[in-house]
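Student: Could you take me through one part of this model in detail, and then place that part in its surroundings? I would like a connected account rather than a list.

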Amino acid sequence: MRARRLLGLVAAASLLLVFSGCAAPTAAPAPAATGPVVSFYGDSYTRGTGASANDKRWSTIISAERGWQEINRSENGLGFVNRRASMGPGLDDIPAQVIADDPDLVFVTMGLNDNFSYDRAADRIRETIDSDLERLREGVPDARIVVVEPFWYTADRPASVDVIAGWVEDAAARIGADHIAGASHWLDGHYADSTDSWMAADGLHPNDTGYAYMAERMDAALRALDPPL
């Protein structure tokens, strides 16, 4: 592990197919950045699907502000359980890719898509949340891990959203990770059927305005951590 690590850080089932198939900006580390290496493990809301360009997604906004070297490993439709088996060689085990990145900081922003299989796979979802976070802690023991409450995208809020969010929070506590609560409500009042919608044309993902607001909320949440990021 690099010695700069902590010094630099005193920083639906049918809907699932839609989430999986939407085009998204490609991911690459920012070439001008020289700060900590940050690996993002998430779904389409962290990949930036619906944004007009990479630099409009929330992960890239906060990385650019901090001089982080962003590696965005997020994939459309991905969940702790959802789409894992169909991702293909290499992409079916993104935690392994994150570990191979040898990051200083890891973001985990997973769980939205697992709501679509909750009724048939609740036990497996909970087990995989635990195993993914434990693998990350063991694989990058010196990295700081930030686990974010799963995002959500409609005013209709199934009970599983809060159940999965609770499992994520509990697993984060067990591995000593930072946890950011409330993210499933960040787009409240601005969903596709809202008068003031911040969603892209597909009705499923944020547009540039939505991602900019998510970046503002994430920035405030990171600054509130102890120590802040």
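Tutor: A residue is called buried here when its relative accessible area is under 20%, computed with a 1.4 Å probe and protein chains only. With that cut-off in hand, and bearing in mind that this is a predicted model, we can look closely at strand β4, which spans residues 144-148 and is mostly covered, five of its five residues being buried. For the protein as a whole, buried residues make up 55% of the 229 residues.

In a regular strand the side chains alternate between the two faces of the sheet. Turning to β4 itself, R144, V146 and V148 lie on one side and I145 and V147 on the other, and since these residues are all buried, both faces of the strand are covered.

The strand also has neighbours within the sheet. Strand β3, residues 105-109, is joined to β4 by four bridges, and the two run parallel; within this pairing, V108 has V147 of β4 as its bridge partner. Three bridges join β4 to β5, again in a parallel arrangement, and here the bridge partner of V147 is H179 of β5. V147 is thus named in both pairings, with V108 and with H179.

These pairings belong to an open sheet of five strands, ordered β2-β1-β3-β4-β5 with parallel pairing. Because β2 (69-72) and β5 (178-180) stand at the edges with a single partner strand each, one side of each is left without a neighbour in the sheet. On average, and with direction ignored, neighbouring strands of this sheet are turned by 20° against each other. Elsewhere on the sheet, helix α3 (residues 58-66) lies across β1 (37-42), β2 and β3, and runs at about 165° to β2.

Among the helices, α5 (residues 118-139) and α6 (residues 159-174) pack at an angle of about 20° with their axes 9 Å apart, and are therefore roughly parallel to each other. The crossing in which α5 passes α6 is right-handed. On the α5 side the contact includes Y118, I125 and L133, while the α6 side includes V163, W167 and A172. The residues of this contact divide into 11 nonpolar, one polar and three charged.

To set the strand in the full chain, the secondary structure of the protein comes to seven helices and five strands, and from the N terminus on the elements run α-β-α-α-β-α-β-α-β-α-β-α.

Definitions and conventions
Residues are numbered from 1 along each chain as its sequence is written. This is a predicted model: local features need pLDDT of at least 70, side-chain atom pairs count only at pLDDT 80 or more; totals for chains, interfaces and linings use all residues. Side-chain values use heavy atoms; hydrogens and water are left out. Axes are lines fitted to C-alpha atoms, for helices over the stretch in contact, and angles run from 0 to 180 degrees between N-to-C directions. Angles under 35 degrees count as roughly parallel, over 145 as roughly antiparallel, 65 to 115 as roughly perpendicular and the rest as oblique. A crossing is left-handed if the near helix is turned anticlockwise from the far one by less than a right angle, and right-handed if clockwise. Contact means heavy atoms within 4.5 Å. Ala, Val, Leu, Ile, Met, Phe, Trp, Tyr, Cys and Pro count as nonpolar, Asp, Glu, Lys and Arg as charged, and the others, Gly among them, as polar. Buried means under 20% relative accessible area, exposed over 50%, partly exposed in between (1.4 Å probe, protein chains only). Two strands pair if DSSP finds at least two bridges between them.
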